[in-house]
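Here's a walk through one protein chain, from the whole fold down to a few residues worth a look. Keep the viewer open as you read.

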Amino acid sequence: MNKVLQFGLHSSKYVSIFELFAVLSLCSSSVKFRALGQNQTSFNKRLMSNATTPFSINNNTKGKEMMKVAAATDHNCHQMVGSKDDQKEIEAMTVQELRATLRQAYAPFLCYCFGRHPNTCSLFLNHRKLGLPVKGLKTELISALQLHMDSNLQDESSGAEIKETSSSTLSESVTIKRKIRNKEEFSSEAYGNEDGERRVKQSTEKKLKAKVSSKSEHKSLAKTGKKKSRSKEEEALLTISSKVLKTDEIISSSVQSEPWTVLAHKKPEKDWKAYNPKTMRPPPLPEGTKSVKIMTWNVNGLRALLKLESFSALQLAQRENFDVLCLQETKIQVKDVEEVKKALSDGYDHSFWSCSVSKLGYSGTAIISRIKPLSVRYGTGLSGSDHDIEGRIVTTEFDSLYLISTYVPNSGDGLKRLSYRIEEWDRTLSKYIKELEKTKPVVLTGDLNCAHEEIDIYNPAGNKRSAGFTIEERQSFRENFLDKGLVDTFRKQHPGVVGYTYWGYRHGTRKTNKGWRLDYFLVSESIAANVHDSYILPDINGSDHCPIGLILKL
């Protein structure tokens with residue numbers, strides 16, 4: 001034990017003798033194993049002077065730490081072996097030391113060191129199977145140790161290298177596959193709190209690590225001449241790893257182009273999923289089914305949207321083939337209406353506009369329809385109120401329902417309009433709807449400026465006093481609309497689905513899907529069962545809001 005302590009190793013039960021052989025046995029494949037003898041003063045000095053990494057071990061040290069030490073002392077091992085002085089020191093070992101080396105240097109320590117890699121451990125256990133002698137004359141013990149290590153250590157080191165590389169590749173593959181599974185299942189456990197960009201970055205890093213590991217394996221095999229003898233297990237592992245990498249590349253690309261497919265929420269519940277319109281919409285209604293397709297969109301400035309080359313409101317009509325389109329925040333003036341009408345798609349001959357007269361270029365709502373309505377109303381009929389002079393409501397009457405396009409007032413910075421919003425606007429609109437329901441069911445749609453539940457906003461805890469998510473606004477939304485018989489069609493169809501309709505421009509939150517659900521289709525309870533689909537189109541840009549749609553059977 002004192003001889004071991006001279007090397008600066010920590011003594012512990014059943015471990016100290018093995019620490020010594022760890023330094024030697026884990027050197028590179030060209031190193032020849034040597035033992036230490038009694039006369040070791042100069043040997044010790046060379047080891048300690050060349051050492052660049054302190055070596056210590058306890059019962060809790062893992063195999064990876066041993067591998068790091070071995071790599072750090074690889075150069076030292078090359079310097080220690082092969083000299084005449086070392087040969088003399090080995091020959092100076094006693095019979096007891098030689099026997100102890102043969103008995104203990106292989107299986108126990110190597111299984112401890114490579115315990116996480118049973119196949120590698122079994123390679124070194126072959127020392128026992130080959131029948132290394134522990135009895136006999138001293139010269140026989142020295143010869144057995146030297147000859148056996150000269151002929152077998154290189155193969156064993158190569159085997160360990162191959163198995164270690166394979167294990168590394170397998171570890172990377174498991175990591176990548178776990179990430180893929182999380183993306184496919186839209187897992188919310190320890191995952192919803194991460195940014196989309198960070199996940200893409202982590203995925204890319206994993207992919208590069210796996211590729212480097214794969215390349216390292218090929219180089220190692222070429223050097224040792226073992227490429228042809230690679231096991232079927234290793235071939236299969238490389239094939240799986242390659243397929244996983246390709247799949248990860250596809251998913252990473254999809255995440256960047258379709259960020260809404262990844263669950264983004266600061267406080268997700270276990271069963272929540274991200275809304276994906278490609279997989280969560282029902283099949284089309286059978287031909288001949290009488291229905292109406294209504295869409296709504298806060299365009300945040302209609303004139304600018306009509307000029308967009310990438311995707312304009314006109315292209316939305318061509319793509320979606322809706323019957324009626326409701327608009328909010330058009331920001332146009334009365335004098336601009338006729339000019340805007342000329343730019344509308346053919347077939348939508350009936351359009352009705354409500355413009356703000358209290359503040360020009362502000363607010364504004366509209367309904368554009370290919371179906372001629374029976375009647376049209378602007379505002380709530382309360383003369384002189386802010387509801388009417390800000391152009392926030394247009395109502396059209398059809399054969400089987402009333403359709404209201406509305407832009408609910410924002411409570412504003414510092415919640416300056418909060419009291420007006422909840423005490424006047426919400427109550428007045430609720431009464432107006434109840435009056436209409438006396439004759440026909442109502443569809444209320446537009447930017448209602450309220451994320452009603454925590455599932456409707458990415459960061460609920462950080463927005464408790466933000467306009468659109470205050471306790472007062474959410475309570476008013478429930479009391480004046482939902483408790484009065486209106487049904488939130490999207491939430492009814494998708495109870496545990498996170499789908500946003502608004503992303504602020506300021507921090508580029510659309511790229512990471514950190515949004516709010518502020519746009520709704522609320523319908524009278526009497527026609528809620530007729531809703532075939534209530535959906536979101538998050539892929540459409542052009543505004544800080546995206547369009548949403550409703551397909552209603554008549």
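What share of the 554 residues of the protein chain counts as buried? The figure is 51%. Bear in mind that this is a predicted model.

**The chain as a whole**

The protein chain is built from 20 helices and 14 strands. If you look at its contacts with a separation of 6 or more, 74% are between residues 24 or more positions apart. On the outside, the protein chain exposes about 27100 Å², and carbon and sulfur atoms supply 51% of that area.

**The nonpolar cores**

In soluble globular proteins, nonpolar side chains tend to be buried together. Here, the largest nonpolar core has 60 residues. The residues with the most contacts inside this core are Leu302, Leu327, Trp353, Leu403, Val443, Val523 and Leu552. Another core, of 19 residues, lies apart from the largest one and has Tyr402, Val408, Leu448 and Tyr520 among its members.

Take Leu302 to begin with: leaving aside neighbours within four places in sequence, Leu302 is in contact with Leu327, Thr330, Ile332, Val340 and Trp353. Trp353 itself belongs to strand β4, which covers residues 350–354. With 10% relative accessibility, Trp353 falls under the 20% cut-off and therefore counts as buried. Its side chain also has a polar side: a polar contact of 3.1 Å joins it to the side chain of Ser351. Trp353 and Gly391 are 38 residues apart in sequence, with 8.3 Å between them in space, C-alpha to C-alpha.

**The annotated active site**

Which residues does UniProt list under "active site"? The unreviewed entry puts that feature at Tyr407, Asp447 and His545. They are spread over 139 residues of sequence, yet they cluster in space, with a largest C-alpha distance of 12.6 Å. Tyr407, Asp447 and His545 are also included in the lining of the largest pocket.

Tyr407 sits in strand β8 (residues 402–407), while Asp447 is in strand β9 (residues 442–447). Why do both count as buried? Tyr407 has 10% relative accessibility and Asp447 has 2%, so each is under the 20% cut-off.

Now for the company they keep, leaving aside neighbours within four places in sequence. Tyr407 is in contact with Asn298, Gln328, Glu329, Ser363, Thr365, Arg392, Trp425, Asp447 and Asn449. The contacts of Asp447 are Asn298, Gln328, Thr406, Tyr407, Val408, Leu518, Asp519 and His545. So Asp447 touches Tyr407 and His545, its fellow residues in the annotation. There's a polar contact here too, between the side chains of Tyr407 and Glu329, at 3.4 Å.

**A buried lysine**

Lys293 lies in strand β2 (residues 291–298). Is this lysine buried or exposed? Lys293 is buried, because its relative accessible area of 17% is under 20%. The side chain of Lys293 reaches the backbone oxygen of Glu320 at 2.7 Å. Not counting residues up to four places away in sequence, Lys293 touches Glu320, Asn321, Phe322, Asp323, Val324, Tyr535, Leu550 and Ile551.

Here are the polar contacts side by side:

| Side chain of | Partner | Distance |
|---|---|---|
| Tyr407 | Glu329 side chain | 3.4 Å |
| Lys293 | Glu320 backbone oxygen | 2.7 Å |
| Trp353 | Ser351 side chain | 3.1 Å |

Definitions and conventions. Residues are numbered from 1 along each chain as its sequence is written. This is a predicted model: local features need pLDDT of at least 70, side-chain atom pairs count only at pLDDT 80 or more; totals for chains, interfaces and linings use all residues. Side-chain values use heavy atoms; hydrogens and water are left out. UniProt positions are given in the numbering used here, feature names are shortened, and annotations may be inferred rather than shown by experiment. On a 1 Å grid over the protein atoms alone, a cavity is a set of points where a 1.4 Å probe fits but cannot get out, and a pocket is an open set with protein on both sides within 12 Å along at least five of seven lines; lining residues have an atom within 4 Å of a point. Helices (H or I, at least four residues) and strands (E, at least two) are DSSP runs, numbered from the N terminus. Buried means under 20% relative accessible area, exposed over 50%, partly exposed in between (1.4 Å probe, protein chains only). Contact means heavy atoms within 4.5 Å. A polar contact is a pair of N or O atoms within 3.5 Å; within protein, one must be able to donate a hydrogen and the other to accept it, and residues adjacent in sequence count only if both atoms are side-chain atoms. Accessible areas come from the Shrake-Rupley method with a 1.4 Å probe; for residues, only the protein chains shown count as cover. A nonpolar core is a set of buried Ala, Val, Leu, Ile, Met, Phe, Trp, Tyr and Cys residues joined through side-chain atoms within 4.5 Å.
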